[in-house]
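Subject: Structure for your review

Dear colleague,

Please find the structure below, together with its sequence. My findings on the ligand site and the internal spaces follow.

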Amino acid sequence: MTTAQKLSFDVQTSDHARTAAEREQVLASPGFGQVFTDHMISIDYTEGRGWHDARLMPYGPLLLDPSTSVFHYAQELFEGLKAYRQESGSIVSFRPQANAARFNTSARRMAMPELPEETFVESLELLVQTDRDWVPTTPGHSLYLRPFMIATQSALGVNYPSQTYKYMVIASPAAAYFGASQAVSVWLSTEYTRAAPGGTGFAKCGGNYAAAFVAQRQAVEQGCDQVVWLDAFEHRYVEEMGGMNLFFVYGDRLLTPALTGTLLPGITRDSILTLAGDLGLKAEEGRLSIEEWQEGCESGELTEVFACGTAAVVTPVGSVKGADRAWSVGDGTPGEVTMRIREELTGIQYGTRPDPHGWVHKIC
Ligand SMILES: *Cc1c(COP(=O)(O)O)cnc(C)c1O
């Protein structure tokens, strides 16, 4: 893209933005992904012409032909990251370039066009700067940013991917995804598979989620909070949990499933692998079977388990249930290593801890 001209954004601000009082009411109890800010980003792509019509515009519905490709073939991908208000008053995001890179990895897998990384980051900056009053001041809350791309061609032929696409970013004030830091219970899914080799497991695409809801519903029917995915061949090796990666704590050693192509390469996961060293912990990527998980908990060798992701940050796992087994992790309450990692990571994000790896990206 060296010869491409830098896109400039047309800025059209809303004439019906919410009042300060309306906004404060939302921010008092934001939930997760329920209310959106006053603006959004849109950039169009046409084969042969490239990216064009970059704009910031009032948040609102799209008008799309019923034959639009994304409705039928799910050619879609997304990202998720947050803007944090630090104590100094600055608004920052966390490793947005990593999200930009992953967006393009997903795009290649979905036969969709890549977006220049600087355009991705600039689009987030513009939206957050415009809607900065929507970034919560409550500790632990944040503005969740949802960049995504859809195939917009209206045609039902499937011999080639869409020739037109739309990239958008929307933003939503967010509380913690799981209540403060209570441990979650998980269901081992042996009936359903999330991803197989050669599939889309490593891509952040909506289709992965579409195929997962039935298993998440089953987890809830089993009295669990979340589903844990196992490998597609043996339904035996742990991959990840819902929309989060998993870490297993053996005293001062962390183990997380290796990136085999069937699990999502979380940026939180990657950050924790680095942070572990800073905290004097050993961290490795490997393989863990459900038998090893159960035996480790029963012998006491496996002391803690936690899930991590942008939305859920670091969430302890307290109990495990499968079709023919159930056990608890430690005493079922949040562990010490889990909470230390959670505090270190959120401390960097909210500016109360040093940022030795330069992960924090100042927006305004
Ligand atoms: C987004 C996502 C994660 C976590 O990724 P982060 O970059 O840490 O937010 C993990 N698993 C799945 C399936 C995801 O979609």
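Which polar backbone atom is 3.4 Å from a nitrogen atom of the ligand? The atom belongs to Gly243. Please bear in mind throughout that this is a predicted model.

Two further polar contacts of the ligand may be described alongside that one. Tyr209 places a polar side-chain atom 2.6 Å from an oxygen atom of the ligand. At Ile267 a polar backbone atom is 2.8 Å from an oxygen atom of the ligand. The ligand on its own would expose 380 Å², and the protein buries 97% of that area.

The shell around the ligand comprises 15 residues, of which Lys204, Tyr209, Glu240, Thr268 and Thr310 come nearest. By character, this shell consists of four nonpolar, seven polar and four charged residues. Tyr209 thus appears both among the nearest residues and as the source of the side-chain contact described above.

As to location, the ligand sits in the largest pocket. The space in this pocket amounts to about 890 Å³. Its lining is made up of 38 residues, and those closest to the pocket centre are Phe78, Arg146, Tyr177, Tyr209 and Gly243. Several elements each give two or more residues to this lining: the strands β4 (76–78), β7 (142–151), β10 (226–230) and β15 (304–309), and the helices α5 (206–210), α6 (213–221) and α7 (267–278). The lining residues divide into 19 nonpolar, twelve polar and seven charged. Tyr209 and Gly243, both named for their ligand contacts, are therefore also among the residues closest to the centre of the pocket.

I also examined the enclosed spaces. The whole structure holds two cavities of 30 Å³ or more, and the largest cavity has a volume of about 120 Å³. Around the largest cavity are 13 lining residues, with Tyr84, Phe94, Thr268, Thr310 and Gln349 nearest its centre. The elements giving two or more residues to the lining are β5 (81–85), α7 and α9 (336–349); β5 provides the largest share, three residues. In composition, the lining of this cavity has six nonpolar residues, six polar and one charged. Thr268 and Thr310, which lie nearest the cavity centre along with three others, are also listed among the residues that come nearest to the ligand.

Yours sincerely

Notes:
Residues numbered from 1 in each chain as written. Predicted model: local features only at pLDDT ≥ 70, side-chain atom pairs only at ≥ 80, totals over all residues. Heavy atoms only, no water. Near = heavy atom within 4 Å. Polar contact = N/O pair within 3.5 Å; in protein donor to acceptor, adjacent residues only side chain to side chain. Areas by Shrake-Rupley, 256 points an atom, 1.4 Å probe, with all protein chains shown as cover. 1 Å grid on protein atoms, 1.4 Å probe; cavity = no way out; pocket = protein on both sides within 12 Å on 5 of 7 lines; lining within 4 Å. Sits in = over half its atoms within 2 Å of the grid points. Nonpolar A, V, L, I, M, F, W, Y, C, P; charged D, E, K, R; others polar. Points joined across faces, edges and corners; volume = space filled by probe spheres on them. Helix = DSSP H or I, 4+ residues; strand = E, 2+ residues; numbered from the N terminus.
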